[in-house]
Amino acid sequence: MVSSAASVLVDQAAALVTATRQWQIESPIDAFKADLEDSLEAIEEQIERISDMAKPLSSDRSRLDSMGTELWNACRIQVMEASPSNRDSMAINIRVLAIAVALLDLASPFNPPGHIRILELGIEAARVCMDTTYLDSALKLIKVAAKRLDPLETYVPEIDQVHLSALSAEYYMLRVHLACQQGRHDIADHLFSKVPLKSALKNRSHVIERCLCIGRGSLEAGQNEAAIKWLDIALGELQENLDYQGLNSGNFELQIRHTLACAYMKIDTPEAARKLEGQTAVLLTKYGDTPAVHLLELEIIRREENPSSDEFFRVLRAIIEKLDYTEEYLNVALGYIKYSMRLSIGLAFEMHHLLLKSLPCDKRGWIEECFLWLAWMVSSAPDELEVPEETCMMAMNDALGFLKYRGIEIMSQEATHVFITILLSMLENPEASSHRQIAEKWCLLTLNTKVFNDCFTSAKFNLQKRLATVFFGNNNLLLARQTLDRILTEKETKSDLKIQCLLFKLGLHDKKNVYLKDYALELSLPDQLEFFGGCAVEADRLNKSNVVIDCILEFMSLTTLREISQEGGPVDEARSDLVKSLSAANSISFPLSMLSSVMEKEQAVCSENVLDLTYSGKTQVLGIALG
């Protein structure tokens with residue numbers, strides 16, 4: 001029975017080895033995920049069944065050892081090198097790693113050398129699972145390790161007792177960590193009391209490292225008191241150690257004290273404030289030049305009721321000048337630069353430019369991201385914060401000059417699209433009205449600067465169209481015309497409702513003779529309805545009653561067309577919208593009572609004879625419609 005079950009398991013393991021190799025080479029994982037998960041579930045169930053039986057035969061153990069070793073080698077490096085953000089791939093590798101240890105456990109003899117081998121593998125794999133928060137797999141591996149540790153609890157002469165003590169210490173600390181993750185702090189305290197020989201260098205290293213992990217995890221989970229408890233234990237163990245170099249104590253001390261300070265900062269009590277001050281003083285004295293300590297100092301200044309602008313920018317400058325070039329630090333620095341606008345807009349832009357200049361030449365993505373933050377800083381600034389237009393333009397020109405200096409003649413399509421999206425949000429957000437003039441000038445800069453040439457065609461077209469609309473709405477007719485002139489060569493402009501409306505309205509403002517129907521030739525029928533309605537409202541606003549009448553007659557002639565009238569609802573809605581729009585415009589050039597009557601008696605004015613009338617007869621026809 002055992003031999004038969006073991007043979008099945010060997011075949012399943014061999015198939016898993018092949019499948020694992022395949023998906024690791026032919027990623028992405030999506031194409032293999034379903035089949036892999038079925039295989040993993042089947043082999044995990046088979047391992048559970050065999051674990052309750054007697055040991056497999058020697059021949060089966062040899063094959064299980066071979067399969068387990070191959071799976072371990074295939075996944076261990078993958079797990080170590082995998083990005084934490086790639087959770088799907090990491091989850092599969094972790095499960096395969098746990099299966100590898102289970103296979104090796106079944107294959108290894110139940111004697112001291114076999115126990116040590118599996119204990120080492122189980123602890124190493126469990127450590128990876130805990131650090132990547134795969135708790136189910138960690139629990140399975142800890143159970144395997146426990147089964148192998150128990151027989152070694154009594155003295156075994158052929159085993160190195162120092163090595164065994166270190167393995168035992170790490171095993172119990174992993175169980176402490178798991179208990180904390182599960183919220184069982186009482187069990188964690190009990191397990192911590194069983195950690196052997198904490199005074200031994202290797203054991204103490206495991207205690208300090210794992211207490212630091214527990215403290216960080218508790219802090220991230222908002223369990224500030226628990227975080228302080230385990231970090232205090234870590235710091236205490238570190239300070240008792242005589243061989244500082246053996247523990248790389250400087251690195252440990254910096255991490256522990258920094259995390260402790262962050263925990264104290266989240267507790268609003270006089271005692272926490274006093275301890276925060278103490279930890280910060282030690283950090284500044286011993287590690288004052290490190291970016292992490294500068295960031296802590298900056299956050300403490302930021303949280304003060306009346307933060308010192310001079311101190312804030314002194315520390316911020318130090319951070320930028322000594323920045324660790326990682327994406328995490330870059331985003332944190334950019335966040336503080338954005339906050340610094342509250343203290344001094346000019347200095348905030350200066351810090352942004354300093355950061356932009358300090359970025360490595362080979363990090364084009366970071367340079368573009370930093371450039372985009374300049375626009376986002378202004379767009380998201382609160383209305384009560386007055387951002388000087390001249391300062392913004394200077395900052396933007398400086399940033400553009402730096403891009404050119406770094407050899408970035410054209411920004412990537414994605415970055416340009418994001419930049420345009422930010423500008424459009426500034427133009428169209430009614431709550432950001434105080435920043436609209438800045439947005440308008442930045443938009444013109446975008447249209448005139450080569451660096452933005454690689455934007456999506458549709459995005460650039462929409463930017464120009466919306467920009468012209470905003471300019472027209474702000475009565476900046478010159479800029480509206482300049483913007484429209486840039487896109488009139490585009491084929492799609494003839495069939496674009498907004499552009500044709502703008503062109504017609506600009507013609508009205510120019511006091512030229514405008515030929516209404518010329519602008520609507522290539523518009524769809526529904527768009528023509530909206531076009532004539534919108535133009536009637538604009539003409540009425542300019543007291544051009546003759547043009548209002550032209551627009552209404554064209555509008556009403558469309559409502560009798562079969563293609564339009566069959567839709568029913570949209571026609572009624574369009575009529576209603578036109579009446580409401582003219583009513584809202586407080587018309588003085590065209591009597592609304594006449595308009596309403598015309599709408600009710602549309603057939604009287606929409607005959608072929610009416611459409612052929614000369615202009616001089618149109619007012620008469622509208623009068624006849626009143627009855």
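This text leads through a predicted model of a protein chain, from the whole chain to single helices, a pocket and a few residues in loops.

The protein chain has 627 residues, of which 49% count as buried, and its secondary structure consists of 31 helices and 0 strands. When contacts in the protein chain with a separation of 6 or more are considered, residues 24 or more positions apart account for 70% of them. Towards the outside, the protein chain exposes about 30600 Å², and carbon and sulfur atoms supply 50% of that area.

Helix H9, which runs over residues 201–220, offers a check on helix geometry: at 1.5 Å a residue its 20 residues should span 28 Å, and because its end C-alpha atoms are 29 Å apart, the expectation and the model agree. After H9 comes glycine 222, whose phi is positive, near 80°. Ahead of H9, in the loop that joins it to helix H8 (185–192), is the place of lysine 194. Lysine 194 has a relative accessibility of 40%, and therefore counts as partly exposed. Its C-alpha atom is separated by 9.2 Å from that of methionine 173, although the two residues are 21 residues apart along the chain.

H9 also takes part in the largest pocket, which has a volume of about 770 Å³. This pocket is lined by 22 residues, and the closest to its centre are His258, Cys262, Ala292, Glu328 and Tyr329. Two or more lining residues come from each of H9, helix H11 (249–265), helix H13 (291–302) and helix H15 (327–340). Among these elements, H11 gives the largest share of the lining, with 6 residues.

Helix H22, residues 477–485, shows how a helix can have a buried side and an exposed one. Its buried residues are Leu477, Leu479, Ala480, Thr483 and Leu484. Because these residues cover an arc of only 160° around the axis, they are on the same side of H22. The other side of H22 holds Leu478 and Asp485, which are exposed. The general background is that an α-helix has 3.6 residues a turn, so residues three or four places apart point the same way.

Single residues in other helices can be followed in the same manner. Leucine 167 lies in helix H7, residues 161–181, and counts as buried because its relative accessibility is 7%, where the cut-off is under 20%. Leaving out residues up to four places away in sequence, leucine 167 touches Ile116, Leu119, Glu120 and Ile123. With leucine 119, which is 48 residues away along the chain, the separation of the C-alpha atoms is 7.6 Å.

Glutamine 500 belongs to helix H23, residues 497–509, and, with a relative accessibility of 6%, this residue also counts as buried. When its neighbours within four places in sequence are set aside, glutamine 500 is in contact with Thr493, Lys494, Tyr519, Leu523 and Phe531.

Isoleucine 77, which is found in helix H3 (residues 58–81), is partly exposed, with a relative accessible area of 48%. Between isoleucine 77 and asparagine 93 there are 9.7 Å from C-alpha to C-alpha, while in sequence they are 16 residues apart.

Two loop residues remain, and both concern the backbone angle phi. Most residues other than glycine have a negative phi. Threonine 133, however, has a positive phi of about 60° although it is not a glycine. Threonine 133 is in the loop between helix H5 (112–131) and helix H6 (135–149), where it is partly exposed, with a relative accessible area of 45%. Asparagine 543, which is not a glycine either, likewise has a positive phi of about 60°. The loop that holds asparagine 543 runs between helix H24 (525–541) and helix H25 (545–559), and asparagine 543 counts as partly exposed at 46% relative accessibility.

Technical notes:
Residues numbered from 1 in each chain as written. Predicted model: local features only at pLDDT ≥ 70, side-chain atom pairs only at ≥ 80, totals over all residues. Heavy atoms only, no water. Buried < 20%, exposed > 50% of the residue type's maximum accessible area, 1.4 Å probe, protein only. Helix = DSSP H or I, 4+ residues; strand = E, 2+ residues; numbered from the N terminus. Arc of directions from axis to C-beta. Expected span 1.5 Å × (residues − 1). Contact = heavy atoms within 4.5 Å. Areas by Shrake-Rupley, 256 points an atom, 1.4 Å probe, with all protein chains shown as cover. 1 Å grid on protein atoms, 1.4 Å probe; cavity = no way out; pocket = protein on both sides within 12 Å on 5 of 7 lines; lining within 4 Å. Points joined across faces, edges and corners; volume = space filled by probe spheres on them.
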